[in-house]
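Please look over the chain shown here with the notes that follow, which are meant for someone meeting it without background. They take up the sheet, the helices against it and the enclosed space, in that order.

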Amino acid sequence: MKEQAQDTIQPLAGLSVLVTRPAHQADPFCAMIEAAGGRAVRFPVVEIAELEDARPLLAQIERLDEFDIAVFISPNAVAKAMNLIHAQRTLPPSLKLAAIGRKSALALEQHGRGPDIQPERRFDSEALLALPEMQDVRGKRIIIFRGGGGREVLGDTLKARGAEVEYAEAYRRHRPEADTGKILYHWSRGEIDIITVTSAEGLRNLFDMVGKLGQMWLRKTPLLLGSERQVETARQLGYKLPPVVAEDPSDEAMLKALEKWAAERRTADD
């Protein structure tokens, strides 16, 4: 009977998980956590905002016929750019679409045309750059739809390979205003078991938002990251515990890593 009871325990039973995804993107992941028996504590650390001036983006969209490949960095980039594209024109049939992650690929499909180029595993710029289609790009013109101030590694590498690259800023990201009292209260009561973060920018924002007192608790709380790249950011911020790292920042991969961590924790407690 004891073994049967253990088998029916939900993977995240009794655990409180801090979810730092943007507010408009957190619902599916929170629902997964709660379906697995956990408690999702929402604390968005990145906010997606409209462009203050969309004219440069609209001008680039008008020139899409000049490009060979359009890269979409994120689902937000797909949503913001494709809405404007559909309002202004049709996609050139010869333009190849590239998506870095599963959600970006799905978002493109929902807008009527799936990606021609997409990594099968590891969803980051490095994985996209490793694909055969992105090797011989000499003389090709590539436009990269992204949020303002993103990483430069994709564009820099493609330029080094001989491509002409333009960034198209489709939205703004900034640190949201937040009432940290609630999160500090949960920490003071031992009600946060693990923190999930999917970007280096989000991790830096989290440290800044919680202040000195929150940083003390933060550094003692297990951390689940969406990629290996974020591990160095955590170290730079003084994080001492070895972070848990998911295969990629998708909801599914983060949940899988979360459940594995929870199982290992239960085993250690036993």
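1. In this predicted model, five strands form an open sheet in the order 2-1-8-9-10, and their pairing is parallel. The edges of the sheet are strand 2, residues 39-42, and strand 10, residues 244-245, each of which pairs on one side only.

2. At the strand 10 edge, the partner is strand 9, residues 223-225, and the two pair in the parallel sense over two bridges. Within this pairing, L224 is the residue that stands opposite V244 of strand 10.

3. Helix 9, residues 200-218, packs on the sheet, where it touches strand 8 and strand 9, and its direction makes about 160° with that of strand 8.

4. Helix 2, residues 27-35, lies across strand 1 (16-19), strand 2 and strand 8 (194-197), and it runs at about 150° to strand 2.

5. Which residues line the largest cavity? The lining consists of T20, R21, F29, T196, V197, T198 and M254, of which F29 falls within the span of helix 2, while T196 and V197 fall within that of strand 8. By class, this lining has three nonpolar, three polar and one charged residues.

6. As for the amount of enclosed space, the count comes to one cavity of 30 Å³ or more, and the largest cavity holds about 30 Å³. In general terms, rolling a probe the size of a water molecule over the atoms shows where empty space is left.

How values were computed. Residues numbered from 1 in each chain as written. Predicted model: local features only at pLDDT ≥ 70, side-chain atom pairs only at ≥ 80, totals over all residues. Heavy atoms only, no water. Pairing = 2+ DSSP bridges. Helix = DSSP H or I, 4+ residues; strand = E, 2+ residues; numbered from the N terminus. Contact = heavy atoms within 4.5 Å. Axes fitted to C-alpha atoms, helices over the stretch in contact; angles between N-to-C directions. 1 Å grid on protein atoms, 1.4 Å probe; cavity = no way out; pocket = protein on both sides within 12 Å on 5 of 7 lines; lining within 4 Å. Points joined across faces, edges and corners; volume = space filled by probe spheres on them. Nonpolar A, V, L, I, M, F, W, Y, C, P; charged D, E, K, R; others polar.
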